[in-house]
Amino acid sequence: MRIDILTLFPEIFEAALKIGVLGRAIAKGILQVNLVNPRDFTHDRHRTVDDAPYGGGAGMVMTCPPVFEAVESLINQNSLEHVVLLSPRGRRLDQERVREMAGWKDMVLLCARYEGMDERISQTLVTDEVSIGDYVLSGGEAAALVVVEAVSRMAPGVVGNWESVDTDSFYHGILGYPQYTRPPVFRGKEVPPVLLEGNHEAIRIYRRREALRATWLRRPDLLQNLSKEDLKLLAEIGAEIPPSHKENSS
Ligand code: SAM
């Protein structure tokens with residue numbers, strides 16, 4: 001997968017792209033991330049990328065010409081299908097959308113600053129607008145990093161052991177189960193004994209029950225299409241589930 005990131009601050013990404021899962025995916029060539037600065041597509045002495053908003057008002061707006069030139073230079077190099085603007089006005093990112101985006105061969109992520117980008121960029125260049133939540137950041141870079149982390153995690157080969165993706169929160173609709181590691185007792189708090197006994201089926205059931213418990217307590221809206229086993233486990237922990245959530249009879 002190739003991701004181009006258009007940003008006025010490429011240095012924000014430099015450390016993040018070198019470390020951990022992302023760093024390894026890039027080193028292995030599974031993921032290619034290319035940073036593009038729209039300032040490199042300006043033609044004036046001050047390398048201007050912003051101007052005052054028409055109609056007045058606070059702040060500055062990123063202008064069309066450098067953003068168009070930068071994106072068009074990428075389109076000339078590759079057949080680019082997805083031009084994504086990070087924006088609080090976009091469709092809110094969730095795991096379903098992340099999964100969809102992980103199927104894309106390439107994408108360019110546009111990070112705005114100031115009051116945002118000239119609307120004609122959205123109207124003409126942009127194919128998708130993504131928000132990472134109902135709050136406002138000072139720039140799209142943190143949001144772009146969220147997209148890169150979440151989307152690349154879904155791409156085959158990026159996370160070494162697929163089981164860790166498969167058991168992530170949201171991957172199968174519900175929250176993840178709690179994790180423990182050594183020591184077995186810490187300040188009087190014990191690791192649940194079932195995890196130390198080596199019975200894989202008992203561990204599977206325990207984890208499923210705890211994932212369902214966490215989801216019931218924190219995000220009951222995610223309890224949909226529950227299997228017979230899920231309903232039994234929820235009953236064991238005293239969770240009452242509305243009939244509308246009991247759709248899956250498997
Ligand atoms: N005036 C804009 C508005 O109210 O929609 C906000 C501009 S914000 C200060 C600057 C840029 O940060 C945005 O254009 C966008 O690229 C990015 N940004 C801010 N909040 C975001 C969010 N929740 N999701 C994605 N990008 C965001």
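Reader: Which residue of β6 does I3 stand opposite?

Author: In this predicted model, the residue to look for is M107, which lies in β6 opposite I3. The wider setting is the pairing of strand β1, residues 2-6, with strand β6, residues 106-110, which run in the parallel sense and are joined over five bridges.

Reader: In what order do the strands of the sheet lie?

Author: To read a sheet, one goes from neighbour to neighbour. Here five strands form an open sheet, and the order is β2-β1-β6-β5-β7, with parallel pairing. At the edges stand β2 (32-36) and β7 (128-131), each of which pairs on one side only. Ignoring direction, neighbouring strands of this sheet are turned by 35 degrees against each other on average.

Reader: Which strands does α4 touch where it packs on the sheet, and which does α6 touch?

Author: For a helix on a sheet, one can list the strands in contact and then compare directions. Helix α4 touches β5 (83-92), β6 and β7, and its direction makes about 170 degrees with that of β5. Helix α6 also packs on the sheet, where it touches β1, β5, β6 and β7, and the direction of α6 makes about 160 degrees with that of β6.

Reader: At what angle do α4 and α6 pack, and how far apart are their axes?

Author: Helix α4, residues 95-102, packs with helix α6, residues 141-154, at an angle of about 70 degrees, and their axes are 8 Å apart. Because angles of 65 to 115 degrees count as roughly perpendicular, α4 is described as roughly perpendicular to α6. The crossing of these two helices, α4 and α6, is right-handed. On the α4 side the contact is made by Q95, V98, R99, M101 and A102, while α6 contributes V147, A150, V151 and M154. By class, the residues of this contact of α4 with α6 divide into seven nonpolar, one polar and one charged.

Reader: How do α8 and α9 pack, and which residues make their contact?

Author: The reading proceeds by angle, axes and then residues. Helix α8 (residues 200-218) and helix α9 (residues 228-236) pack at about 70 degrees, with their axes 9 Å apart, and α8 and α9 are therefore roughly perpendicular to each other. From α8, the contact takes in R204, I205, R208, R209, L212 and W216, and from α9 it takes in E229, D230, L233, L234 and E236.

Reader: How many nonpolar, polar and charged residues does the contact of α8 with α9 have?

Author: The contact of α8 with α9 has five nonpolar residues, no polar ones and six charged ones.

Notes
Residues are numbered from 1 along each chain as its sequence is written. This is a predicted model: local features need pLDDT of at least 70, side-chain atom pairs count only at pLDDT 80 or more; totals for chains, interfaces and linings use all residues. Side-chain values use heavy atoms; hydrogens and water are left out. Axes are lines fitted to C-alpha atoms, for helices over the stretch in contact, and angles run from 0 to 180 degrees between N-to-C directions. Helices (H or I, at least four residues) and strands (E, at least two) are DSSP runs, numbered from the N terminus. Angles under 35 degrees count as roughly parallel, over 145 as roughly antiparallel, 65 to 115 as roughly perpendicular and the rest as oblique. A crossing is left-handed if the near helix is turned anticlockwise from the far one by less than a right angle, and right-handed if clockwise. Contact means heavy atoms within 4.5 Å. Ala, Val, Leu, Ile, Met, Phe, Trp, Tyr, Cys and Pro count as nonpolar, Asp, Glu, Lys and Arg as charged, and the others, Gly among them, as polar. Two strands pair if DSSP finds at least two bridges between them.
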